[in-house]
Amino acid sequence: MNAQNWRWLMVVVGGAIPALLMAGIAGGGCTDDAYWYSCDDDIPPNIDNKPCRDAGPAADACDGADDCNDVGTGGGGAGTGGGEEEGGGDGIGGGLSSLCVGQCVPAEPPGWFEPLLLWMGPPDKAPDCPATAPIPGFELHADLVVEPYRCAACACDPPDASCEVPATWSAVDSSTCPAGPGAQRTSFAAPEAWDGTCTTANAIPAGQACAGGPCTQSLDIPAPRVRAGACAPSVVEEPSEEPGEPQGSFRWATFARACAGVTPPAPCGGPGMRCSPAPPEGDAAPPEGFLTCILHHEGEHECPPTYPSRRVVYEGAEDSRGCTACTCGEPSGGACSVWVSAFSDEACSDGVVSVLMSSEASFCGAIAPGTALRSKSAAVVDLEPGSCTPGGGEPIGEVAPRGAVTFCCLDRQPQPPEPPRLWNPELG
């Protein structure tokens with residue numbers, strides 16, 4: 001065949017000449033279901049320096065001309081993608097993939113963003129967008145790692161406490177302590193809100209008679225009592241910083257980078273396919289590197305069958321953690337000691353009874369029958385205010401991912417088309 005007999009390939013995309021797509025062009029042209037191939041004589045070969053490609057089965061429509069050679073995509077036939085062993089198969093990468101600078105992949109369903117390249121991995125290993133898809137898009141995250149949140153330790157200050165000296169003293173007409181149920185008591189009580197100073201209130205004269213004989217045969221004094229107020233909460237220590245991650249920090253173990261291409265749309269073998277940037281080769285190639293994915297940026301979604309591999313990533317995280325307020329329980333464990341004395345005179349000088357009492361027990365002691373009880377006194381010797389059990393200071397809240405974005409990826413990447421094969425006149 002000489003140069004005047006070169007044949008060439010023309011592809012008409014879209015709906016500009018639908019009648020020709022259906023009819024196949026009278027006079028013998030290469031046709032398939034979606035694109036029109038024309039193999040005419042007397043047209044210079046290698047238009048725009050682009051050689052004819054192998055049309056596969058479509059070459060049968062070229063009037064049996066052996067020199068209408070290499071039309072379509074590498075060895076797979078027009079609209080077929082060459083089968084799985086040739087990198088097509090399953091509707092990926094077939095058809096006129098030679099017209100697509102990148103790769104032919106299934107088109108995205110409604111509501112999904114068109115295919116782009118996605119890389120996911122450690123944040124310190126993230127590559128730049130490849131030359132095939134140089135436009136940086138989403139930068140998202142996955143695999144949230146949350147360090148424990150530690151709160152300051154709570155404590156309680158000692159309560160404001162006082163020791164209430166015993167006031168309801170009484171003489172009993174029995175020397176038995178404690179007195180039996182039939183014993184008669186005579187009040188020797190101190191005034192209300194008594195502070196323990198010497199008082200002659202309710203004095204009992206000597207020899208005063210009761211049913212069981214002299215009214216003053218023993219002296220009964222109740223135990224002093226600790227009156228404690230509320231404890232004030234406090235912080236005993238701030239949370240300490242431990243080696244490694246700062247207290248309460250969080251981080252993302254996985255970084256996600258989406259990259260878009262600038263390749264204009266091109267025909268890709270048939271309905272339901274579209275041209276998309278191809279992942280780079282080498283270390284950044286799948287499965288370790290960039291994947292071809294579609295995305296839905298509004299929450300978590302199930303993936304369509306054409307893009308079955310699901311990955312959910314997030315725009316960021318919200319940290320609502322904090323600590324409960326420190327609190328204190330009711331006071332307990334308080335104790336006090338009081339030195340109490342009863343006197344037979346009115347000046348608290350002629351002692352009858354003098355004893356050290358604690359808040360843990362009352363006093364009952366025999367005295368000489370008929371002894372006068374004309375004055376008394378009490379003095380606080382020791383006071384233990386007690387304590388309150390601290391509460392609160394517990395972590396609350398959480399670190400929650402926000403802004404979920406769903407990527408759905410091809411579980412395998414389409415194989416790149418074979419390079420074009422130039423027609424050699426000597427080989428035919």
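In which strand is Val381 found? In this predicted model, Val381 belongs to strand E24, which covers residues 375-384. Its relative accessibility is 51%, and exposed means over 50%, so Val381 counts as exposed. Val381 also has company on the surface: together with Trp339 and Leu356, Val381 forms a nonpolar patch there. The accessible area of these three residues together is about 300 Å².

A contrasting case is found in strand E17, made up of residues 291-296, where Thr292 is located. Is Thr292 buried or exposed? With 0% relative accessibility, Thr292 counts as buried, because the cut-off for that label is under 20%. The side chain of Thr292 makes a polar contact with the side chain of Gln103, at 2.5 Å.

Turning to how strands pair, an open sheet is built from 4 strands, and following the sheet across gives the order E9-E8-E12-E23. The pairing in this sheet is antiparallel. Strand E9 (185-187) and strand E23 (363-366) stand at the edges; each has a single partner strand, so one side of each is left without a neighbour in the sheet. From one strand to the next, the twist averages 25°.

The pairing of E9 can be followed down to individual residues. Strand E8, residues 170-172, runs antiparallel to E9, and 3 bridges join the two. Which residue of E9 is the bridge partner of Ser170? That partner is Ser187.

How values were computed: Residues are numbered from 1 along each chain as its sequence is written. This is a predicted model: local features need pLDDT of at least 70, side-chain atom pairs count only at pLDDT 80 or more; totals for chains, interfaces and linings use all residues. Side-chain values use heavy atoms; hydrogens and water are left out. Patches are made of residues with over 30% relative accessible area and no salt bridge: like charges are joined within 9 Å, nonpolar side chains (Val, Leu, Ile, Met, Phe, Trp, Tyr) within 5 Å. Accessible areas come from the Shrake-Rupley method with a 1.4 Å probe; for residues, only the protein chains shown count as cover. A salt bridge is a side-chain nitrogen of Lys or Arg within 4 Å of a carboxyl oxygen of Asp or Glu. Buried means under 20% relative accessible area, exposed over 50%, partly exposed in between (1.4 Å probe, protein chains only). Two strands pair if DSSP finds at least two bridges between them. Axes are lines fitted to C-alpha atoms, for helices over the stretch in contact, and angles run from 0 to 180 degrees between N-to-C directions. A polar contact is a pair of N or O atoms within 3.5 Å; within protein, one must be able to donate a hydrogen and the other to accept it, and residues adjacent in sequence count only if both atoms are side-chain atoms.
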